[in-house]
Amino acid sequence: MQVDKEKRGDVLYEVAAESKQRMVSPLSISPGVVPFRLGGKRPKCFFALLKSFLGTALMGFPCEPEKVSMLLKSNPSFVRVCGFAPKGERDEYCSRHIPSERKLQQFDQIMSEWGLWDKMKIALVTENIETGAIKIEKEVVGDTTHYYAYSGFETVKYKDEDGKEEQKKSQSKLTKRCRCQDRDKCEHDWVLADEGAGTIVKSITKMYWGHKASIVGFPRQGVPLDARAVLDGPTHDGETYFPHVEKVFDTYPVIEESVKRALYDSACDSRDLKDKFMDKLGLELKASLNPRRKNGITDGLPRGMEKITPYGVVICNGGHEMDYKGMRYEKEKFIYHAPTDTDGEPVCSTCLHQVECCPNSLTGRMINISFGLLPHIDTEDPPMAKRFKAIMTRRPSVERMIKRLKCDIGDDRLSKRGNLAFQAYLDKTMIAFHLLLQN
């Protein structure tokens, strides 16, 4: 079985027109007016079709032709608001009649292939920034999420680059775009039936077959600036953030000068990536600590201490977490102090282990931990510091953005295949979100 060879380079999907044709002048059309045609039936109104799609998303339904058709057939008020008219007694064609599901599919396909959903999204976000509906912040936050793919997969075997070890990979089933009767012998190439779909690993026991999307937005307001499809679902999250932020800055240059910091989860905890953000974008990258499978430390600790977690948290024999206070650079030591209770008194005063831990201390136990015990902790920006924790409290706001786009306005299960349709789906949910933001 053929294995799809991954393309190196671009990570995020880019919308491009499939073909070049004569464009219609925007000045020649308006609501209820369509371009002049020498022959054929009078076409459906573009604005009525557009309203039907956006109205579907604003009501919380997936913005897909099937759902749009269902609403148009079941909701007469929605039909009139969009600009259509219910079908009368006459059966002959009328441009104002409700379009068929096939017509809605054609409209969505044209909007997707020409990148019109993407252009509309950019225009709407730009308008919200200019009018003040979106306040420019000094930070951006990002994350990825998965959508269940509308396809199946197959597991194929292949050899690594050296040709020695046999590897397994899950990929979309292969198909051909042609209509030849004997597909096995025709000259057309086999292609993936659902390009971009892959096995997305959340944990050892949680794996999903789906598409991956990258989200970037402002954390304090919880407003997404862009949602972009990842070319290959199994792509590591750390590879998507830099190109996406770079894309957002190119699209909305007005925010580039104000943004000074980027937030992400532990997938971006890499010194090389942090240096890349600073050198090329001038941004300080803050990422949650990734201990990289390090175990807790139990040897070589000060008396009375039980262990140090991989995240730099010191726990004493009494089960209390020691408060991080700072560091002594000249001695290469981290400083920890015993926490206080609700009355402001050190917990050591009532601890059962006080005699063996700090019998003569009235203010609570203070300890020093050598840098060598925690070599994976960045001494220039330790994750135990209060400032670091305060900054990272804004990172989870991206989860609320994902929830609004993925659940409130759309659905996490796709009904189409391929990156083109997936990107169009993301663009439509973004348009609905920013339309609601204006009200």
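**Notes on a predicted protein chain**

1. Serine 397 is buried, since its relative accessible area is 1%, and a residue is called buried when that value is under 20%. The model in which this serine is seen is a predicted one, and that should be kept in mind in every point below. Serine 397 belongs to helix α10, which covers residues 397-408.

2. The surroundings of serine 397 come from distant parts of the sequence as well. If residues up to four places away in sequence are set aside, serine 397 touches Val141 and Pro219. A further relation concerns valine 223, which is 174 residues away from serine 397 in sequence, while the two C-alpha atoms are 8.9 Å apart in space.

3. Before going on to other residues, it helps to look at the chain as a whole. The secondary structure of the protein chain consists of eleven helices and 15 strands. Of its 439 residues, 44% count as buried. When contacts with a separation of 6 or more are considered, 62% of them in the protein chain are between residues 24 or more positions apart.

4. The overall dimensions deserve a careful reading. For a compact globule of 439 residues one would expect a radius of gyration near 22 Å, but the value for the protein chain is 28 Å. The C-alpha trace of the chain, taken along its principal axes, spans about 100 × 60 × 40 Å.

5. The surface and the charges can be described together. About 24900 Å² of the protein chain is exposed, and carbon and sulfur atoms supply 49% of this area. The chain carries 69 positive and 63 negative charges, and the mean positions of these two groups are 5 Å apart.

6. Strand β9, residues 261-264, is a good place to study how side chains alternate. Arg261 and Leu263 point one way from this strand, whereas Ala262 and Tyr264 point the other way, and all of them are buried. A student should notice that this includes Arg261, which is buried along with the others.

7. Strand β9 also has partners in the sheet, and two of them can be named here. Strand β1, residues 139-148, runs parallel to β9 and is joined to it by three bridges, and valine 140 has alanine 262 of β9 as its bridge partner. Strand β10, residues 284-287, pairs with β9 in the parallel sense as well, over four bridges, and here leucine 263 has lysine 286 of β10 as its bridge partner.

8. Strand β15, residues 366-370, gives another picture, with a covered face formed by Ile367 and Ile369 and an uncovered face formed by Met366, Asn368 and Ser370. This strand is joined by five bridges to strand β14, residues 333-337, and the two run antiparallel. Within this pairing, tyrosine 336 has isoleucine 367 of β15 as its bridge partner, and Ile367 belongs to the covered face.

9. Two residues should be checked for their backbone angles. Most residues other than glycine have a negative phi. Arginine 293, however, has a positive phi near 65° although it is not a glycine; it is found in the loop between β10 and β11, and it counts as exposed because its relative accessibility is 83%, where over 50% is required. Glutamate 332, which is not a glycine either, has a positive phi of about 55°, lies in the loop between β13 and β14, and counts as partly exposed at 47% relative accessibility.

10. Threonine 155 lies in strand β2, residues 153-159. Leaving aside neighbours within four places in sequence, threonine 155 is in contact with Lys168, Lys169 and Ser170. Its C-alpha atom is separated by 6.5 Å from that of glutamine 171, which is 16 residues away along the chain.

11. What does glycine 410 touch, not counting residues up to four places away in sequence? The contacts of glycine 410 are Gly60, Pro62, Leu405, Tyr425 and Thr429. Glycine 410 lies in the loop between α10 and α11, yet it counts as buried, because its relative accessibility is 9%. Methionine 430 is 20 residues from glycine 410 in sequence, and their C-alpha atoms are 9.9 Å apart in space.

Note on methods. Residues numbered from 1 in each chain as written. Predicted model: local features only at pLDDT ≥ 70, side-chain atom pairs only at ≥ 80, totals over all residues. Heavy atoms only, no water. Rg over C-alpha atoms; globule rule 2.2 N^0.38 Å. Buried < 20%, exposed > 50% of the residue type's maximum accessible area, 1.4 Å probe, protein only. Contact = heavy atoms within 4.5 Å. Areas by Shrake-Rupley, 256 points an atom, 1.4 Å probe, with all protein chains shown as cover. Lys, Arg positive; Asp, Glu negative; His and termini not counted. Charge placed at Lys NZ, Arg CZ, Asp CG, Glu CD. Pairing = 2+ DSSP bridges.
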